[in-house]
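Colleague: Got a minute to go through this one with me? Put it up and I'll start asking.

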Amino acid sequence: MATLTNKTVVVRKQRQCFSCLRVFPIGTKMNYWSGISEGDFSSVYSCMTCVEIMNMPQDPDEDTFPEGYVREMLEKGETPEQLIERWKTESNVFEIKKVK
């Protein structure tokens with residue numbers, strides 16, 4: 001997978017987060033990623049909360065994030081922001097990140 005663009009942007013039209021599948025309005029800061037994977041060009045927008053989640057320590061065997069990746073980790077009725085808070089209280093995921 002080759003990254004062409006990876007930057008924070010202010011969206012000029014409504015966008016869906018690739019990771020949590022929530023829809024965000026015009027004017028929201030989101031991460032824009034574009035690249036080439038297996039010969040195909042793709043581009044996605046991710047909300048800043050999901051970017052934070054994806055930057056946390058993950059399964060070392062996992063090197064890509066499929067569509068809806070964060071949504072699949074949520075408990076029923078939970079938001080990505082609540083997921084971060086749950087991880088802070090249930091594990092030492094932030095301590096692990098500092099060591100890396």
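Colleague: Ile 36 first: what is its relative accessible area?

Modeller: This is a predicted model, to be clear. Ile 36 comes out at 36%, which counts as partly exposed.

Colleague: And which strand does Ile 36 lie in?

Modeller: Strand β4, which covers residues 29-37.

Colleague: Which residues make the nonpolar surface patch?

Modeller: Ile 36 makes it together with Leu 4 and Phe 41, and the patch is about 300 Å².

Colleague: How much surface does the protein expose overall?

Modeller: About 6900 Å², with carbon and sulfur atoms supplying 49% of that.

Colleague: Let's switch to the fold. What pattern does the protein follow along the sequence?

Modeller: β-β-β-β-β-α-α-α-α. That is five strands and four helices.

Colleague: What percentage of the residues count as buried?

Modeller: 35% of the 100 residues. As for contacts between residues at least 6 apart in sequence, 51% join residues at least 24 apart.

Colleague: Now the cysteines. How many disulfides does a search of the whole structure find?

Modeller: Zero.

Colleague: Why no bond for Cys 47?

Modeller: Because the closest cysteine sulfur, in Cys 50, is 3.5 Å from the sulfur of Cys 47, and that is too far for a bond. The cut-off for a disulfide is 2.5 Å between the sulfur atoms.

Colleague: Is Cys 47 buried or exposed?

Modeller: Buried, with a relative accessible area of 2%.

Colleague: And what is the value for Cys 50?

Modeller: 0%, so Cys 50 counts as buried.

Notes. Residues are numbered from 1 along each chain as its sequence is written. This is a predicted model: local features need pLDDT of at least 70, side-chain atom pairs count only at pLDDT 80 or more; totals for chains, interfaces and linings use all residues. Side-chain values use heavy atoms; hydrogens and water are left out. Helices (H or I, at least four residues) and strands (E, at least two) are DSSP runs, numbered from the N terminus. Buried means under 20% relative accessible area, exposed over 50%, partly exposed in between (1.4 Å probe, protein chains only). Contact means heavy atoms within 4.5 Å. Accessible areas come from the Shrake-Rupley method with a 1.4 Å probe; for residues, only the protein chains shown count as cover. Patches are made of residues with over 30% relative accessible area and no salt bridge: like charges are joined within 9 Å, nonpolar side chains (Val, Leu, Ile, Met, Phe, Trp, Tyr) within 5 Å. A salt bridge is a side-chain nitrogen of Lys or Arg within 4 Å of a carboxyl oxygen of Asp or Glu.
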